[in-house]
Amino acid sequence: MSILELEQIFLDKIEREIKIEPKDWMPEQYRKTLIRQISQHAHSEVVGMLPEGNWITRAPTLKRKAILLAKVQDEAGHGLYLYSATETLGVTREQTINDLHTGKAKYSSIFNYPTLTWADIGAIGWLVDGAAILNQVMLCRTSYGPYARAMVRICKEESFHQRQGFEILLVMSKGSPEQRAMVQDAVNRWWWPSLMMFGPHDSESTHSEQSTKWKIKRMSNDELRQKFVDMIAEQVKFLNVTLPDPALKWNEERKHYDFGEINWEEFWNVVKGNGPCNRERLAARKKAWEEGAWVREAALAYSRKRKERAAGQTAAA
């Protein structure tokens, strides 16, 4: 069968909403796009544990500590699901992690900002996980089967993450003047980076058009960003704080909220590795990888011994 015929079968499956599976023929660029996107998603889940892990020992109550521990554990699980999905495309986990450590692969720029107060944990849950959910719900219908199936469970857990974040801020917004000020400060610092999570404008996005044609993604960056603004602009009213955007207002004609221009210079600066915590985050991941080498080596040695023992028992029988 010729390449043209294989490509037509592939496109026909995409058109008919039939999932592409690991053993199916796929264009090389489709495979590379998925490796880049899914591995970046996996890296983001794992690196995303760091800003919140910073507060596990400092959570204000035992209840809050238990909830935060559960959330960070969820993020580790999400990373494992996504690394496994990436492996179905013919790359090893070691390759993808090495790409992260060398700077070849990226992760979400949002995790390069510091968590200064407990209110930041609430803001991450409400704003950062809220933005992630809008992206990820769409990915439950992505064209690549293993990615879509991983996202179903991830989205269920992320919805809990957003609710717990909002609840942290809601409780604090009803507290002391200092607590209310802390909520406002956290919202001020996390609002614009959260809008940057959706990526550059569609006109400047390198991969969006082709990814949409292949149904890897279903909505554009700007469409998702607008949906997020519309959602948060209503939810914030319950917190008695304001979003740090004087241009934010309801547009009756568009039936959407208008909002100000994002500082794209800051966005690209962080993406290029010059954010407040870029070096710290990457150093922490490298350190964890190096210190965990003995665990991986022990697991491989144990696996080899089991295989050898099983082969010996088979030969004896």
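Colleague: In which helix is the confidence lowest, and in which strand is it highest?

Modeller: This is a predicted model, and within the chain the confidence is lowest in helix H9, residues 208-213, at a mean of 89, while it is highest in strand E2, residues 256-258, at 98. Over the chain the pLDDT averages 94, and 100% of the residues score at least 70.

Colleague: How should I read the packing of a pair of helices, and at what angle do the axes of H6 and H8 cross?

Modeller: Two packed helices are described by the angle between their axes and by the distance between those axes. Here helix H6, residues 118-139, and helix H8, residues 177-196, have axes that come within 9 Å and cross at roughly 35°, and the crossing in which H6 passes H8 is right-handed.

Colleague: Which residues make that contact?

Modeller: On the H6 side they include Trp118, Trp126, Leu127 and Ala131, and on the H8 side they include Met182, Val187, Trp190 and Trp191. Taken by type, the residues of the contact of H6 with H8 divide into 14 nonpolar, 1 polar and 2 charged.

Colleague: How many residues does the largest nonpolar core have, and which have the most contacts inside it?

Modeller: The largest nonpolar core has 75 residues, and those with the most contacts inside it are Tyr30, Trp126, Tyr144, Trp190, Trp191 and Phe228. Helix H6 supplies the largest share of this core, 13 residues. If you would like to follow one of the core residues outward, take tryptophan 191, which, leaving aside residues up to four places away in sequence, touches Leu127, Phe228, Val229, Ile232, Leu243, Pro244 and Asp245.

Colleague: Is asparagine 112 buried or exposed, and what does it touch?

Modeller: Asparagine 112 counts as buried because its relative accessible area is 2%, where buried means under 20%. Asparagine 112 sits in the loop between helix H5 (93-102) and H6, and its contacts, not counting residues up to four places away in sequence, are Tyr107, Val270, Gly275, Pro276, Cys277, Asn278 and Arg281.

Colleague: Where does methionine 231 lie, and why does it count as partly exposed?

Modeller: Methionine 231 lies in helix H10, residues 221-235, and it counts as partly exposed because its relative accessibility is 25%, which falls between the cut-offs of 20% and 50%. Methionine 231 and glycine 130 are 101 residues apart in sequence, yet their C-alpha atoms are 9.2 Å apart in space. Beyond the residues up to four places away in sequence, methionine 231 touches Gly130, Leu134 and Gln162.

Colleague: Which residue in the loop between helix H1 and helix H2 has a positive phi?

Modeller: That residue is glutamate 17, whose phi is near 65°, a positive value in a residue other than glycine. Glutamate 17 is placed in the loop between helix H1 (3-15) and helix H2 (28-47), and it is partly exposed, with a relative accessible area of 41%. Lysine 255 also has a positive phi, of about 60°, although it is not a glycine. The place of lysine 255 is in the loop between strand E1 (249-251) and E2, and at 46% relative accessibility lysine 255 counts as partly exposed.

Colleague: What separation do the C-alpha atoms of leucine 69 and valine 47 have?

Modeller: Their C-alpha atoms are separated by 15 Å, with their positions 22 residues apart along the chain. Leucine 69 belongs to helix H4, residues 62-87, and is partly exposed, its relative accessible area being 42%.

Methods:
Residues are numbered from 1 along each chain as its sequence is written. This is a predicted model: local features need pLDDT of at least 70, side-chain atom pairs count only at pLDDT 80 or more; totals for chains, interfaces and linings use all residues. Side-chain values use heavy atoms; hydrogens and water are left out. Axes are lines fitted to C-alpha atoms, for helices over the stretch in contact, and angles run from 0 to 180 degrees between N-to-C directions. Helices (H or I, at least four residues) and strands (E, at least two) are DSSP runs, numbered from the N terminus. A crossing is left-handed if the near helix is turned anticlockwise from the far one by less than a right angle, and right-handed if clockwise. Contact means heavy atoms within 4.5 Å. Ala, Val, Leu, Ile, Met, Phe, Trp, Tyr, Cys and Pro count as nonpolar, Asp, Glu, Lys and Arg as charged, and the others, Gly among them, as polar. A nonpolar core is a set of buried Ala, Val, Leu, Ile, Met, Phe, Trp, Tyr and Cys residues joined through side-chain atoms within 4.5 Å. Buried means under 20% relative accessible area, exposed over 50%, partly exposed in between (1.4 Å probe, protein chains only). pLDDT is the predictor's confidence in each residue, from 0 to 100.
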